[in-house]
Amino acid sequence: MRIKRASALLVPKRILPKRNDAMKKELFGQYEGKNIYRYTLDNGILSMSILNWGCVIQKLIFDGVDVECGFDSLEEYVECSDYYGATI
């Protein structure tokens, strides 16, 4: 008996990325002289934006519904001391 790849067993085919543009990188701001980027992963059903500033989840959209309410600018994250959007 042959075993299929684990990823194929755990993730439905409709959720797997089908496009080459599934990831985008854009400048989000600067903090202490360093560039902070937003990486957006999108497969048409699930879209997640992550900042390289502490791996903050800035935006999470599932099937058109915004699930994670993040800030629109880096300054708002710096001012908020509650670890908003932090990955634990």
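In this predicted model, Leu27 sits opposite Tyr37 of strand β2. The two strands involved here are β1, covering residues 23-31, and β2, covering residues 34-42. They run antiparallel to each other and are held in register by eight bridges. To get from β1 to β2, the chain makes a hairpin with just two residues between the strands. Glu32 in this hairpin takes a positive phi, near 50°.

Moving along β2, Ile36 turns out to have plenty of company. Leaving aside residues up to four places away in sequence, Ile36 touches a run of residues from the β1 side, namely Glu26, Leu27, Phe28, Gly29, Gln30 and Tyr31, and also Asn52, Trp53 and Leu74. Ile36 also belongs to the largest nonpolar core, which has six residues. The other members are Phe28, Leu51, Val56, Leu74 and Tyr77. So what does the burial of one of these members look like? Tyr77 has a relative accessibility of 3%, so it counts as buried, the cut-off being under 20%.

Tyr77 also shows up when it comes to aromatic rings. How many aromatic pairs does a search of the whole structure find? There are three of them. In one, the rings of Phe71 and Tyr77 have centres 4.9 Å apart and planes at 80°, which makes the pair edge-to-face because that angle is over 60 degrees. Ring pairs bring Phe28 into the picture too, linking Phe28, Phe71 and Tyr77 into a cluster. Phe71 itself counts as partly exposed, because its relative accessibility is 21% and the buried class stops under 20%.

Now for Asp66, which is found in strand β5, made up of residues 65-69. Is Asp66 buried, exposed or partly exposed? With a relative accessibility of 42%, Asp66 counts as partly exposed. Beyond residues up to four places away in sequence, Asp66 touches Lys59, Leu60 and Ile61. A polar atom of the Asp66 side chain also lies 3.5 Å from the backbone nitrogen of Glu68. Ser47 is 19 residues from Asp66 along the chain, and the C-alpha atoms of the two are separated by 9.3 Å.

Finally, a word on confidence. The protein averages a pLDDT of 81, and 76% of the residues score at least 70. Residues 1-9 have a pLDDT below 50, and this stretch makes one contact in the model beyond near neighbours in sequence.

Note on methods
Residues numbered from 1 in each chain as written. Heavy atoms only, no water. Pairing = 2+ DSSP bridges. Helix = DSSP H or I, 4+ residues; strand = E, 2+ residues; numbered from the N terminus. Core = buried A, V, L, I, M, F, W, Y, C linked by side-chain atoms within 4.5 Å. Buried < 20%, exposed > 50% of the residue type's maximum accessible area, 1.4 Å probe, protein only. Contact = heavy atoms within 4.5 Å. Polar contact = N/O pair within 3.5 Å; in protein donor to acceptor, adjacent residues only side chain to side chain. pLDDT = per-residue confidence, 0-100. Phe/Tyr/Trp six-rings, centres within 6.5 Å; stacked < 30°, edge-to-face > 60°.
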